Amino acid sequence: MSEKPFRVLPELTETTRHFWEGGREGELRFPRCQECGTWVHPPTPICPGCLSKDLAVEAVSGTATVLTFTLNHQHWVPSPDHPYAIAIVELDEQEGLRLTTNVVNCAAEDVRIGMRVQVVFDQYEDVWIPLFQPVEGS
Ligand SMILES: [Zn+2]
């Protein structure tokens, strides 16, 4: 029996594999336009900034800011951790580069808008799910 909470795992495709497997090397990865430097998420084949098709997967720093969050008190899935914080975080690299994620390793009641967070990975089978924890000292 695993003690980990149940998660619905994403399906790995050629356009999402870099994202879900980046945690193997501790990297949060997104496609980035090689012409103008725009990070592209969710993945599209064409840069929304300059319409270039020259995209390559690169790693971001993994630090981010909590834009908004909600505390989930509903037991939608079997999990020992309730309530937990579902947050939208914005990566430092680019305005609008956002992920919906969970804030972990702190009390859900302590999550705040504007909180500085950094990525941590939770591995399930061949998927590394990016979660975020508070940056120490923030
Ligand atoms: Zn571009």
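Mentor: Two strands pair if DSSP finds at least two bridges between them. Helices (H or I, at least four residues) and strands (E, at least two) are DSSP runs, numbered from the N terminus. The structure here is a predicted model, in which local features need pLDDT of at least 70, side-chain atom pairs count only at pLDDT 80 or more, and totals for chains, interfaces and linings use all residues. Residues are numbered from 1 along each chain as its sequence is written.

Trainee: How many helices and strands does the chain have, and in which order do they run?

Mentor: The chain has 1 helix and 7 strands. Read from the N terminus, the order is α-β-β-β-β-β-β-β.

Trainee: Let me try the pairing idea. In which sense do strand 3 and strand 6 pair?

Mentor: They run antiparallel, joined over 3 bridges. One place to look is Thr63, whose bridge partner in strand 6 is Gln118. Gln118 also stands opposite Gln133 in strand 7, which takes us to another pairing.

Trainee: Over how many bridges do strand 6 and strand 7 pair?

Mentor: Strand 6 and strand 7 pair over 8 bridges, again in the antiparallel sense. Find Gln123 and you will see it opposite Trp128 in strand 7. The two strands form a hairpin with 2 residues between them.

Trainee: Which residue in that turn has a positive phi?

Mentor: That is Glu125, with phi near 55°, a positive value in a residue other than glycine. Glu125 sits in the loop between strand 6 and strand 7 (127-134).

Trainee: How do I decide whether a residue like Glu125 is buried or exposed?

Mentor: Count C-beta atoms, placed from the backbone: a residue is buried if 20 or more others lie within 10 Å of its own, exposed if 12 or fewer, and partly exposed in between. Glu125 has 7 such neighbours, so it counts as exposed. Over the whole chain of 138 residues, buried ones make up 23%.

Trainee: Which other unusual backbone features should I look at in the loop between strand 1 and strand 2?

Mentor: Start with Pro42, which lies in that loop. A cis peptide bond joins His41 and Pro42, with omega about 0°. Leu51 lies in the loop too, and its phi is near 70°, a positive value in a residue other than glycine. Leu51 is exposed because 10 other C-beta atoms lie within 10 Å.

Trainee: Gln34 is in this loop as well. Which residues is Gln34 in contact with, beyond its sequence neighbours?

Mentor: Contact means that the two C-beta atoms, placed from the backbone, lie within 7 Å. Setting aside neighbours within four places in sequence, Gln34 touches Asp54, Leu55 and Ala56. Gln34 has 14 C-beta neighbours inside 10 Å, so it counts as partly exposed. Its C-alpha is separated by 9.2 Å from that of Cys47, 13 residues apart along the chain.

Trainee: What does Val60 in strand 2 look like by these criteria, buried or exposed?

Mentor: Val60 belongs to strand 2 (55-60), and it counts as buried because it has 20 C-beta neighbours inside 10 Å. Leaving out neighbours within four places in sequence, its contacts are Leu28, Phe30, Leu91 and Glu93. Val60 and Arg32 are 28 residues apart in sequence and 9.9 Å apart in space, C-alpha to C-alpha. For the chain, residues 24 or more positions apart account for 49% of the contacts with a separation of 6 or more.

Trainee: Which residues touch the most other members in the largest nonpolar core?

Mentor: The general idea is that in soluble globular proteins, nonpolar side chains tend to be buried together. A nonpolar core is a set of buried Ala, Val, Leu, Ile, Met, Phe, Trp, Tyr and Cys residues joined through C-beta atoms within 7 Å. The largest core here has 16 residues, and Val66, Ala87, Val103, Val111, Val117 and Phe132 touch the most other members. Two or more residues each come from strand 1 (28-33), strand 3 (63-72), strand 4 (84-91) and strand 6 (116-124). Strand 4 gives the most, with 4 residues.

Trainee: What is Val66 in contact with away from its neighbours in sequence?

Mentor: Beyond four places in sequence, Val66 contacts Ala87, Val89, Val103, Val111, Arg112, Ile113, Gly114, Met115 and Val117.
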